[in-house]
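Me: I've got a model open and want to check the reasoning behind some of the labels. Can you take me through it?
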Amino acid sequence: MSQLLPIVGPNSPEATPSIITIQRAKLKDQQLSCEFTEQRTDDAPPRAFALTCAEHVHPDLTHALSRLVPHLCLLTEQLTETADYWPDEAEELPALFESFKVTGFSMGRHQSGVTLIGQRELTGGRVLNLTTPYQSFDDEQGSYPYTGLLEATLATALAEVEAALRGKCTDYRQLDLFEQPTTTTILPFVPSPPLA
């Protein structure tokens, strides 16, 4: 029988780092669902996993996905590019992107391209689901002029998804459902006379 590690997880000093390759990631209700492979070493065979995290994702992951919104809008031809279309990395998305969000992505074989998945909230409150055509990072025809920027932005999102798989999430404390008051005051029963 093997000895159990005293500390299990990403902070374990005895744990060997593994190689994670993300194939699909989806964010719903602030929870990450992901399909990925993991290898213990470069020459080990990959093991496939599908995982839904119970914890809420860290804000860094939602920020990284929000950076993909301009690409979603261009690739699905929802918006056209203007002079102030591309936001800076630190600033929030401009108002023209308010009704859009990226909810996930699907990577191509060997992570050589991506399909973005998102939504647009319509004026009546209904939601239009959007899926971009597959965009190869080695696109020789140059059909999408921002392929390099898309690949760099996606690399940040992939790093955040991997960090989430390794335990990076929002710190929260669940409140006790039946929390007892610290002091109990008992009120005496005072009968009232009947009203006629």
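Reply: Sure, and keep in mind that this is a predicted model. Start with the largest nonpolar core: it has 36 residues, and Ile22, Leu32, Phe105, Leu154 and Val161 have the most contacts inside it. E1, E2, H1, H2, E4, strand E5 (113–121) and H3 each supply at least two of its residues, with the largest share, 7 residues, coming from H3.

Me: What makes Leu32 and Val161 count as in contact?
Reply: Contact needs heavy atoms within 4.5 Å, and Val161 is on the list for Leu32 once neighbours within four places in sequence are left aside. That list also includes Leu61, Ala164 and Leu165.

Me: Why are H1 and H3 called roughly antiparallel?
Reply: Their axes cross at roughly 155 degrees and come within 9 Å. The cut-off for roughly antiparallel is over 145, so H1 and H3 get that label. The crossing of H1 past H3 is left-handed.

Me: Which residues make that contact, and what makes 2 of them charged?
Reply: H1 brings Asp60, Leu61, Ala64 and Leu65, while H3 brings Thr156, Ala157, Glu160 and Val161. Asp and Glu count as charged, so Asp60 and Glu160 are the 2 charged residues. Alongside them are 5 nonpolar and 1 polar.

Me: What does it take for Leu61 of H1 to be called buried, and what covers the buried residues there?
Reply: Buried means under 20% relative accessible area, and Leu61, Ala64, Leu65 and Ser66 are buried in H1 (residues 59–66). Their cover includes strands E1 (19–28), E2 (31–39) and E4 (100–107), plus helices H2 (69–75) and H3 (147–165).

Notes
Residues numbered from 1 in each chain as written. Predicted model: local features only at pLDDT ≥ 70, side-chain atom pairs only at ≥ 80, totals over all residues. Heavy atoms only, no water. Buried < 20%, exposed > 50% of the residue type's maximum accessible area, 1.4 Å probe, protein only. Helix = DSSP H or I, 4+ residues; strand = E, 2+ residues; numbered from the N terminus. Core = buried A, V, L, I, M, F, W, Y, C linked by side-chain atoms within 4.5 Å. Axes fitted to C-alpha atoms, helices over the stretch in contact; angles between N-to-C directions. Parallel < 35°, antiparallel > 145°, perpendicular 65-115°, else oblique. Left-handed = near helix turned anticlockwise from the far one by under 90°.
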